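Hello,

Here is the structure we talked about. Please open it first, then read my notes below.

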Amino acid sequence: MRRRDFLWALPGTALVARSALAEDWAGPVTTPGKKGVMLMNRIAPSVSELYIAGLDGSNERKLLADTRFEYNGVFAPGGGFIFTSERNGDGQSDIFRATADGKLVQPLVTGAPVDDAGVLSPDGRTLAFVSTRNGYRANIWLMDLKTGRTRQLTGINDVRGEDGKPDCYYRPAWSPDGKWIAFSSDRNTAWTGHDNGHGWEHTQELSIYVIGVDGKGFRKVATKPGYCLGSPKWSPDGRRIVFYEMTVEATWGARRPNYIGKTPSKIVSVDVASGERVEHQADNELKLQPQFLSNSEIGYLVKYGPNEGLAYTSDRPAVKQAMIRSPHWSDDGKSVIYEKVKFQPARPVWKPLYSWDKDWEYRETDVFPLMSKQGWIVYTDKQTGNASIMVMRPDGSQKRKVFDIEGRGLDPDLVKKGLAGAFQPAWSPDGEWISFGLGAWFFLRDKANAAVWRVRADGTGAEQLTDGKQHCGFPSYSGDGKEIVYRLWSDDEKGLRILNLETRQTRVLTQGYDNLPGWSPDGKSIVFTRKRAEDGNFDIYTISPDGSNLFRATTHGSSDGHAVWTADNRILWSGSQHGFRDEAALYDQTFQQYGQIYVMNRDGSGKRMLTDSKWEDSMPLYLPAKR
């Protein structure tokens with residue numbers, strides 16, 4: 001299917017947030033000719049810059065004279081560098097080439113898809129890279145630099161996995177003779193959550209493959225059931241391929257700094273012809289992205305922990321430095337390129353993002369945004385603040401805090417890690433009240449407290465609505481404002497409950513592993529995420545407020561969740577069926593699976609993808625332009 005046929009051409013009012021129809025709302029500031037703004041949240045580093053240094057870390061300097069947001073830098077045969085940059089838009093990955101002095105930058109591969117991890121052939125004529133350009137899944141592509149022609153190497157013909165299963169291809173590496181490309185792939189593996197399949201966040205199983213540049217000779221050269229093998233690189237003599245190896249479960253902890261020491265990996269190489277295996281490093285550290293510096297020495301990245309930085313299998317001294325990523329050593333053994341990433345300061349609210357729809361501007365927001373009929377946006381300042389409740393006008397003005405979590409008994413360390421705070425604020429229809437959940441979240445729900453609260457829009461009258469004996473949160477108001485639906489979690493019971501604000505009586509709506517409920521604009525349905533008992537899969541469901549008409553709206557084997565309504569009763573959600581855009585262990589501070597934003601009709605028809613970034617995108621809210 002062609003890309004332009006898959007991205008939905010949004011009608012002028014189809015995706016307006018339900019409360020954006022108030023007559024007293026002037027509309028956000030937008031570029032002339034746009035239908036409006038889509039606010040969304042992106043979990044990704046806010047800073048990423050390329051550096052070059054000696055192998056001992058000496059003479060470190062920025063690689064580019066005009067640095068923006070760059071990553072995955074590699075040396076190019078004949079001089080200069082290849083790298084990925086988002087200089088064409090936050091979230092838009094394109095591939096560029098720079099001269100050796102970093103002053104002249106030339107675009108190589110640009111456009112709406114993710115284009116990343118580019119590396120030139122030894123003769124400098126062909127670029128191998130990862131792209132989502134055909135079907136939104138990460139595949140290996142080749143580009144002839146002289147003609148500009150591209151061709152797909154994986155995900156087609158016999159080099160294609162089973163339908164419905166993971167089927168992506170990552171980190172291409174050229175053999176020294178330029179005839180073969182090695183890469184990692186999760187093809188024909190299972191969609192598996194962390195915590196041995198119980199959790200929402202996906203883990204990743206990878207094997208190492210090779211394929212001829214002509215598309216022939218595709219075969220698996222290294223695999224280990226229950227393990228992730230990634231980032232292959234050839235030895236200078238072309239006889240061996242080196243990679244990192246960790247358990248599938250460890251690919252979740254490898255993205256979380258709080259798992260230091262709990263997700264070890266090994267540096268392993270195999271003989272390409274015989275499959276003979278050698279373990280080069282097998283201590284308790286998280287080791288990634290190895291590369292042969294010679295036939296006998298390997299450099300690699302240590303991620304997290306006291307020894308974070310660059311390390312070597314020889315007696316060469318390590319380079320200890322936090323938050324450097326994706327190292328690439330020069331063939332002459334004198335230099336190394338790497339990126340430095342930061343998450344603070346976070347992307348500011350209202351920052352322009354790359355838009356995959358020409359009719360709408362995409363802009364950054366913090367989490368759980370929702371518009372009132374009176375023209376105010378409420379959200380949780382989880383990334384830009386301390387997870388308190390904020391309100392602002394649709395153009396980002398008149399921002400103020402209406403509920404401060406300070407002094408509410410929350411552990412500051414958990415708040416800092418994004419595990420506690422005031423989550424999912426919801427407006428009452430009259431705009432007088434904001435309801436939210438206050439407490440500790442995610443895996444802490446089994447041993448921590450959370451309750452549903454509400455506060456007046458002016459910040460007064462804060463009131464706890466549930467007793468705190470059971471873990472409750474994620475509320476949403478009914479259309480008449482008389483009831484609130486919320487999620488309950490305890491050892492004895494789970495599911496969705498509806499609280500009548502007049503009688504203070506609660507009734508049971510569901511008794512499943514359900515979360516994130518939201519009342520539809522027409523009041524007829526409640527959307528929510530359910531973990532199915534049958535297969536452990538997370539899907540989007542709707543149900544009538546009286547408990548009838550339970551409907552499963554998504555059926556793919558991957559995880560779907562975080563659903564919200566549009567004004568015309570469509571459903572926006574964060575899904576994962578198109579897979580990781582890169583090896584999972586290489587990401588940082590990413591809770592959820594590799595989410596992209598999708599839209600569908602309430603009956604599950606008309607599913608369309610609205611973002612195509614390398615990062616986790618979610619929390620959409622549409623704001624129409626003033627008419």
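Over the ring of which residue does the charged end of Arg 400 sit? The ring belongs to Trp 376, and the charged end is 5.4 Å from its centre. Arg 87 has a ring partner too: its charged end sits over Phe 96, 5.6 Å from the ring centre. Keep in mind that this is a predicted model.

**Aromatic pairs**

Two numbers matter here. A pair of aromatic rings is described by the distance of the centres and the angle of the planes. A search of the whole structure gives 27 aromatic pairs. Here are two of them.

Start with Tyr 312 and Trp 329. Their rings meet edge-to-face. The centres are 6.0 Å apart, with 70° between the planes. Tyr 312 belongs to strand β22 (residues 309–312), while Trp 329 belongs to strand β24 (residues 324–329). The pair therefore ties together parts that are 17 residues apart in sequence. Both Tyr 312 and Trp 329 are buried.

Now take Phe 423 and Trp 441. Their ring centres are 5.5 Å apart and their planes are at 15°, so this pair is stacked. Planes under 30 degrees apart count as stacked. Phe 423 is in strand β32 (residues 420–427). Trp 441 is in the loop between β33 (433–440) and β34 (450–456). This pair therefore ties together parts that are 18 residues apart in sequence. Phe 423 and Trp 441 are both buried. They also belong to one aromatic cluster, along with Phe 368, Phe 442 and Phe 474.

**Cysteines**

How many disulfides does the structure hold? Zero. A disulfide is a covalent bond between the sulfur atoms of two cysteines. Why does Cys 168 not form such a bond? The closest cysteine sulfur, in Cys 228, is 13 Å from the sulfur of Cys 168, and that is too far. A disulfide needs the two sulfur atoms within 2.5 Å. Cys 168 counts as buried because its relative accessibility is 2%. Cys 472 is buried as well, at 4%.

**Backbone points to check**

Most residues other than glycine have a negative phi, and most peptide bonds are trans. Three places are worth a look against that background.

- The peptide bond from Gln 344 to Pro 345 is cis, with omega near 0°. Pro 345 is in the loop between β25 (335–342) and β26 (352–353).
- Trp 350 is found in the loop between β25 and β26. Its phi is positive, about 85°, although Trp 350 is not a glycine. Trp 350 is buried, with a relative accessible area of 14%.
- Asn 59 also has a positive phi, about 55°, and is not a glycine. Find Asn 59 in the loop between β2 (47–54) and β3 (61–62). Asn 59 counts as exposed, at 58% relative accessibility.

**Nonpolar cores**

The largest nonpolar core has 43 residues. Those with the most contacts inside it include Leu 142, Trp 174, Ile 181 and Phe 183. Which residues does Leu 142 touch, leaving aside neighbours within four places in sequence? Among them are Leu 127, Phe 129, Leu 153, Trp 174, Ile 181 and Val 213. Its contacts also include Arg 149 and Arg 151.

Another core lies apart from the largest one. This other core has 42 residues, including Val 367, Val 415, Trp 453 and Met 619.

Best wishes

Definitions and conventions. Residues numbered from 1 in each chain as written. Predicted model: local features only at pLDDT ≥ 70, side-chain atom pairs only at ≥ 80, totals over all residues. Heavy atoms only, no water. Phe/Tyr/Trp six-rings, centres within 6.5 Å; stacked < 30°, edge-to-face > 60°. Helix = DSSP H or I, 4+ residues; strand = E, 2+ residues; numbered from the N terminus. Buried < 20%, exposed > 50% of the residue type's maximum accessible area, 1.4 Å probe, protein only. Lys NZ or Arg CZ within 6 Å of the ring centre and 35° of its normal. Core = buried A, V, L, I, M, F, W, Y, C linked by side-chain atoms within 4.5 Å. Contact = heavy atoms within 4.5 Å.
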